[in-house]
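Me: Could you take me through how some labels for this structure are justified? I would like each value set against its rule.

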Amino acid sequence: MLKKGDLYYPSKEFAHSAIINNKKIYKDAGKNPIKFWEGLAKELFWFKKWKKAFIHKPPYFQWFVGGKINITSNIFENNSLGWENIKNKAAIIWEPEIPEERQRVLTYYELFREVNRFANALKRLGVKKGDRVGIYLPMIPEAIISMLACARIGAIHTVVFSAFSSSALQIRLQDTKAKVLITADGYYRRAKVIDLKRNADEAIKNTKVKKMIVVKRAGNEVAWNRNRDLWWQNLVAGESDECDAQIMDAEDTLFILYTSGSTGKPKGTVQTCGGYAVQAKFTGKWIFDLRKDDIFWSTADLGWITGHTYSCYSPLLNAATFVIFEGAPNSPTPDRWARIIEKYGITIFYTAPTAVRMFKKYGADILKKYKFETLRLLSSVGEPIDESSWKWYFKEIGKNRCPVVDTWWQTETGGILITSLPGIGPFRPCFTGLPFPGLKFDIVDDKGKRVSSNKQGNLVLLPPFAPGLLRGIYRNPEKYLKTYWRQCGKKIYFTSDAALKDKNGLIRIVGRIDDVLKVAGHRFTTGELEDAVSHISYISESAVVGVLDEIKGQVPIIFVVLKETTPVEKVQKEIKLQLRKEIGPIISTKQVYIVKDLPKTRSGKIMRRILRKLFTGEELGDLSTLSNQESVEHIKSVINN
C-alpha cells in the first residue's frame, strides 16, 4: 500500500486489477441508489423479476417487490459465473480442530448434492416452506449444508452458536417454535470433546421440537430417544441428490438470527430472501475483491451474522473457495491460524480485532517462519480496531503490502455497510471508511441535527436503506419500532453507535452510544479511551466503563490485560499520563484493574455492560453468550481484593 500523510492507498498494481477501482462509483450510485441496487440485482437469477424495486412506508420498507428468487439457485445451478465453470472447483475446505485429523474438501457439485439430499430428508420429516428449523452445530460442513438445505426448500433457519448454553438455545427454540433441531453428538475445542447433544437434550424441553437430527462428529456416547432422535447419516441414506429450489418471494423470510446481549430477551432479527442475497453477493465481491480463484477465510462462527454472510452465503454466491475451522486460532499452538493461512494459501483473511490483539500479544517472533505470500487482502470486523493493532496487522501479517479493510455493520444490517473499497481507499487506522456505494449515512446529535466534521454524534442510516437491513424482530413488532426507529421520527434507521467523520468523509466508529461517558460535562467514548491506552507497549487489550461520581458525574474505570508482568503502580501511572497526553487533563481514571481476560462474545466483542454492572449491583443477566464465562468470576475477585 501507499502512504500519504495519515492515509493509506492501494498500490498501483492492486488498484489496477481490483474489481472496483474507480471512485466514480460513489457518485454514480449516489445519484439514484434505488437504480444502483436494481442494477446489481439484475446480475442474480430471478424466477420472476420484481414489479417495484423499493417501497417505503416509514418505518417499513421492501425491496424487489414481487420478485421471485432462491438464494441456493444462485449459488449452484444458476450461479452468475456459470454452473459448468464452477461445479468441479472446491467450495468448502474444512479444517478440523485436531491437526492430525484429515481435512474435508467439498466441490460445488458435491456440496449441491449433499444439500439436496438433506433438503429431501427434511421434507420427508414434514418440514415445509415457512417452518422454522433450529441449527445447533459446531463449525463443520453439515452446518452449512443444513443452512442451504433449509433455504433450498423455503424453511427458515435459526442458527444458534454451539457454545451457547442449553437455556440460551431453549429461548430461541421457544420463540421460533421450531419443530426440528439439527445438532451433533459433540465437537472438539482445545482437544477436549464438548458434549453438544447433552445441551440439546436439555434445551428442547418445553419446546415444539419433535425431531432431533444428530451429526456423528466426535463419536462420544450420547443419550438417545428412539422416538425423536435421528442420525444424520441414516436419515440422508437413499435420498435423491436432486431437489428443486422452492420459489421464494423477495420479501419471504430467509432466516432468523438472534442478537446477543447481557439483559432482556434476545432479539430475533428477520432477514429476507431477495435483498439479503443481493447485498451478501456484492458486499463480498467488492469489499474483499472476491473472485472464484480466491481462498477466503473468515474466522467467524456460523452462529453469528458474520458467519452467515461471509463464512457461508457471500463466498458461495461469488463461487469462491472458503475455509471453515472447527477450533480456536491459537490451539494447540499460538501460531495455528498462521499455519492454516500457509497450509491452504489463504488469499483473503477476515478476523476480529480481538484475534489480532491476541496474535500481537504472542509477538512477531513466532511468525518468522511464515511469509504469508499468498495473502493479498486483510480485513477486520466486530468492533473498532485500535491504531497500534491496525499497524501491527498491516506490517506483520500483511507485510506492508496488503490493504487492511476495516468493516462496520451489525446483525441487523445483514452485511457490511461502511468500509473503504480495497481498490480505491483511502484507509486510515481507527477509521472504518466510507459508506458502501448506494448507501447514505449521517452523524447527528440527540435532536437529529447533523454535526460538523470530527465531532461525535449518533450514526444513522438514511433511506432507501440497505436491501439486507432487517425487516423486523420476530414476534415482537413493538421492540422493532422502539429499538431502531423511534429516535429519529421513524424515517431514519438508528444504529445506536457513536461515530465521527473526518474531512475526507471517512467514518470512525467510537463505540455504542451506551458506551459514552460524560466526565465533568465532557463526552468521551470508551473506544477513544481504550485506543489511547493501547499505545502503552505492554498492554495487550483494555476495556473502559464509566461509574457514577458525585463531582464529575462519571469517571472511567479501566480493565487491562498485560503482555508481561508489570507492577500495578507503574501501570496506573502510565495510563494516567497516556490519557492526559492523548485526551487531556480533564480525563482521569478512578481505578485500574489488571485482569487475565475480558468478557467477550465468541465474535470478539468485549461485553462492557457486564463490567459496568459489577459496580452498579444490577443482575448480570444471561452470561451464556460469553465465550469465557470464567473471566467474570476472576474479575469479581480482582475488584473485591
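Me: What makes β23 and β24 a pair in this predicted model?
Reply: Happy to help! Five bridges join β23 to β24, residues 457-462, and a pair needs at least two, so these strands count as paired. They run antiparallel. One place to look is valine 444, which stands opposite asparagine 458 in β24.

Me: Which sheet do they belong to, and in what order do its strands come?
Reply: Four strands form an open sheet, ordered β23-β24-β25-β26, with antiparallel pairing. On average, neighbouring strands in this sheet are turned by 45° against each other, direction ignored.

Me: Why are β23 and β26 called edge strands?
Reply: β23 (440-444) and β26 (507-512) each pair on one side only. That is what puts them at the edges.

Me: Now the cysteines. How do you know that cysteine 243 is not bonded to cysteine 150?
Reply: A disulfide needs two cysteine sulfur atoms within 2.5 Å. Cysteine 150 holds the closest cysteine sulfur to that of cysteine 243, but the distance is 11 Å, so it is too far for a bond.

Me: And what about cysteine 273?
Reply: Its closest cysteine sulfur is also in cysteine 150, 12 Å away, and therefore too far for a bond. By this rule the count of disulfides comes to zero.

Me: Why is cysteine 243 called buried?
Reply: Buried means under 20% relative accessible area. Cysteine 243 has 6% relative accessibility, so it counts as buried. Cysteine 273, with a relative accessible area of 4%, is buried too.

Definitions and conventions. Residues are numbered from 1 along each chain as its sequence is written. This is a predicted model: local features need pLDDT of at least 70, side-chain atom pairs count only at pLDDT 80 or more; totals for chains, interfaces and linings use all residues. Side-chain values use heavy atoms; hydrogens and water are left out. Buried means under 20% relative accessible area, exposed over 50%, partly exposed in between (1.4 Å probe, protein chains only). Helices (H or I, at least four residues) and strands (E, at least two) are DSSP runs, numbered from the N terminus. Axes are lines fitted to C-alpha atoms, for helices over the stretch in contact, and angles run from 0 to 180 degrees between N-to-C directions.
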